[in-house]
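Hello,

Here is the structure for you to look over. My notes follow below it.

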Amino acid sequence: MTLATTPPADDGAADGGSPERAASPAQRAATALVVGLIRHGVRDVVLSPGSRSQALALAAAAAARAGAIELHVRVDERVAGFTALGLAAESGLPVPIICTSGTAVANLHPAVLEAHHSGVGIIVLSADRPVELRGIGSNQTTVQPGIFGDLVRADWDVAAPVGAAHEVDDAGDLAELAVRAAAEGPVHVNLAYREPLSGAVELPPDLAAGEHPAARADIDDAAPGDRRDRVVLDLEPDDATVVIAGTGAGPLATELAEKLGAPLIAEVASESRFGRHVVAAYRDVLRGPHGDAVARAIVVGHPTLSREVPALLQRPDVEAIVIRTPGVEAYDPGRRARIVDGVRVHGSPDPAVVRRWVGGWVAMSRAVLESEAPDDPAPDLSAAVSEEPSVRAAFARAEMAILRAPVDRRMLARALWASTWPHDRLVLGASRLIREADRIVPGKRIPVHANRGLAGIDGTISTAAGIALAARRAERHGVVRVLLGDLAAVHDAGALLVPLPDDVSLHVFVGDDGGGTIFDSLEVAATADADDFARVMRTPVAVDFAALAAAGGWEYRRVTTRAELDDALTARERLLLVHVPLEP
């Protein structure tokens with residue numbers, strides 16, 4: 001949806017020939033827009049500084065000072081964009097991002113891409129030059145209208161305000177439309193301003209007094225123009241169905257698997273990886289006779305972590321049904337799936353069928369996980385108090401050997417998964433580590449987030465910071481832990497330089513295996529020149545993570561053994577960067 005407004009023919013004219021003028025029409029309109037967003041449910045605003053956007057920035061600052069919103073300032077727009085993404089993903093509310101003109105807008109593109117493919121509501125408020133300064137080579141002026149193309153659910157190019165009486169109401173209406181459109185993904189509002197670019201900020205009395213108005217109840221959550229009839233498919237349980245849960249699936253996939261009496265293939269970031277039907281080692285099971293017996297697969301969310309799932313959905317003998325996620329492309333690797341908005345299950349599964357069909361999958365998955373579990377036999381505690389010194393010494397040596405065991409990827413993934421509980425948050429970066437976790441961690445109902453819309457390595461720490469900020473306001477006072485690789489950490493190093501509130505606990509675990517070792521599993525590793533492969537594919541980086549942590553005021557730990565990892569996972573530091581060197 002694209003709407004555009006144009007300036008009046010006479011830039012000094014106003015309705016009825018007698019305009020209501022403000023000292024700064026830009027400030028008056030910008031304040032009305034910010035107030036409108038707050039009245040329609042916005043709780044957080046992220047901004048990056050700039051001159052052309054000063055009216056928006058000052059309005060947001062005044063609202064934050066009055067307690068009407070929380071304002072998060074980020075110098076780097078890319079960090080700002082992913083911080084907003086994390087805030088919106090955790091809170092479920094749209095989050096505006098204020099930026100100035102020029103390259104500032106372009107730097108938000110990666111976050112807008114991820115929001116588009118994940119269906120997360122962020123609202124880009126980009127300041128721009130007025131129409132008379134466009135197309136003549138004015139400094140910091142480019143083509144901002146439509147810069148995000150089809151990635152946004154709505155795109156407005158708003159003419160520079162001139163002080164007309166209707167502009168305040170127009171700004172409030174625009175705020176409502178933007179919030180509605182952001183229900184299904186990102187939105188762009190490009191706002192032209194003329195000098196004077198700012199003036200005194202006058203908030204309405206209720207906002208100035210620190211009251212936060214509730215969002216109006218009469219606003220429809222659906223995006224403008226989205227009024228299509230919902231397609232709900234009626235199904236009955238059988239003994240050849242599986243449910244596949246990708247990122248964004250949530251408890252719906254678990255409930256559906258139980259109603260259908262079906263095994264649940266739940267990726268680690270799906271937030272569906274729990275319950276009696278979950279098949280954690282699904283890759284191995286799909287490659288066996290159980291996978292061959294599948295005749296129907298129902299997909300919820302966006303699966304991205306294996307080759308076995310798309311291979312299953314492309315089989316001609318498998319009926320593929322995809323439950324559409326609002327605002328997100330339907331996952332249909334075979335280009336033949338039936339796309340629906342929901343599934344209604346009739347009847348109850350036969351307990352005997354569930355025991356045979358689901359039980360077989362779960363039993364095989366359990367056997368695979370047990371075969372790959374670390375060889376840590378349960379200690380004979382009686383040996384610790386034996387009267388024989390040699391027995392006690394042997395016990396002590398065995399325990400010491402376990403604690404001194406070097407950390408590898410699987411130990412790291414297992415440990416973070418085991419240490420995360422419902423009041424915590426686990427954020428998984430796009431690296432080899434999320435795939436290791438997906439292979440080995442058991443079912444457990446915990447909050448997990450990953451930017452899997454495009455599965456890029458950028459913005460992981462910034463996203464986690466946004467999640468931590470939103471969780472804090474909701475009084476979820478656990479630890480937000482991030483697991484990512486060294487390249488992803490360096491890519492978002494700017495996020496480590498941003499001060500965070502004292503009641504935020506963010507712990508970043510960097511699995512450092514010397515670059516992009518995930519490429520080692522691709523065919524290119526066997527065909528490329530070894531030196532060329534290392535230089536242009538693995539791309540190792542020489543980073544002093546201790547110095548990087550110190551630059552942002554973070555605590556730092558270097559972890560190489562299981563004992564050190566256990567200590568780091570129980571650390572009480574508020575901001576902690578844990579550097580874990582791994583074998584390539």
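**A buried glutamate**

Outside its neighbours within four places in sequence, E77 is in contact (heavy atoms within 4.5 Å) with S48, P49, C99, A104, N107 and L108. This is a predicted model: local features need pLDDT of at least 70, side-chain atom pairs count only at pLDDT 80 or more, and totals for chains, interfaces and linings use all residues. Residues are numbered from 1 along each chain as its sequence is written, and side-chain values use heavy atoms, with hydrogens and water left out.

E77 lies in helix α3 (residues 77-91); helices are DSSP runs of H or I, at least four residues, and strands are runs of E, at least two, numbered from the N terminus. E77 is buried (under 20% relative accessible area, 1.4 Å probe, protein chains only). E77 has no salt bridge (a side-chain nitrogen of Lys or Arg within 4 Å of a carboxyl oxygen of Asp or Glu). The nearest side chain of opposite charge, R78, is 9.1 Å away.

**Tryptophans**

W357 and W361 both sit in helix α12 (residues 351-372), four residues apart. Their ring centres are 5.7 Å apart and their planes at 75°, so the pair is edge-to-face (centres within 6.5 Å, planes over 60 degrees apart). W357 counts as buried at 8% relative accessibility. W361 does too, at 0%.

**Helix α22**

In α22 (residues 562-569), the buried residues are L565, A568 and L569. They fall within an arc of 95° seen down the axis (directions from the helix axis to the C-beta atoms), so they line one face of the helix. Their cover includes α15 (409-419) and β17 (480-485).

Regards

Notes
Buried means under 20% relative accessible area, exposed over 50%, partly exposed in between (1.4 Å probe, protein chains only). Rings of Phe, Tyr and Trp (its six-membered ring) pair if their centres lie within 6.5 Å; planes under 30 degrees apart count as stacked, over 60 as edge-to-face and the rest as tilted. Lys and Arg count as positive and Asp and Glu as negative; His and the chain ends are not counted.
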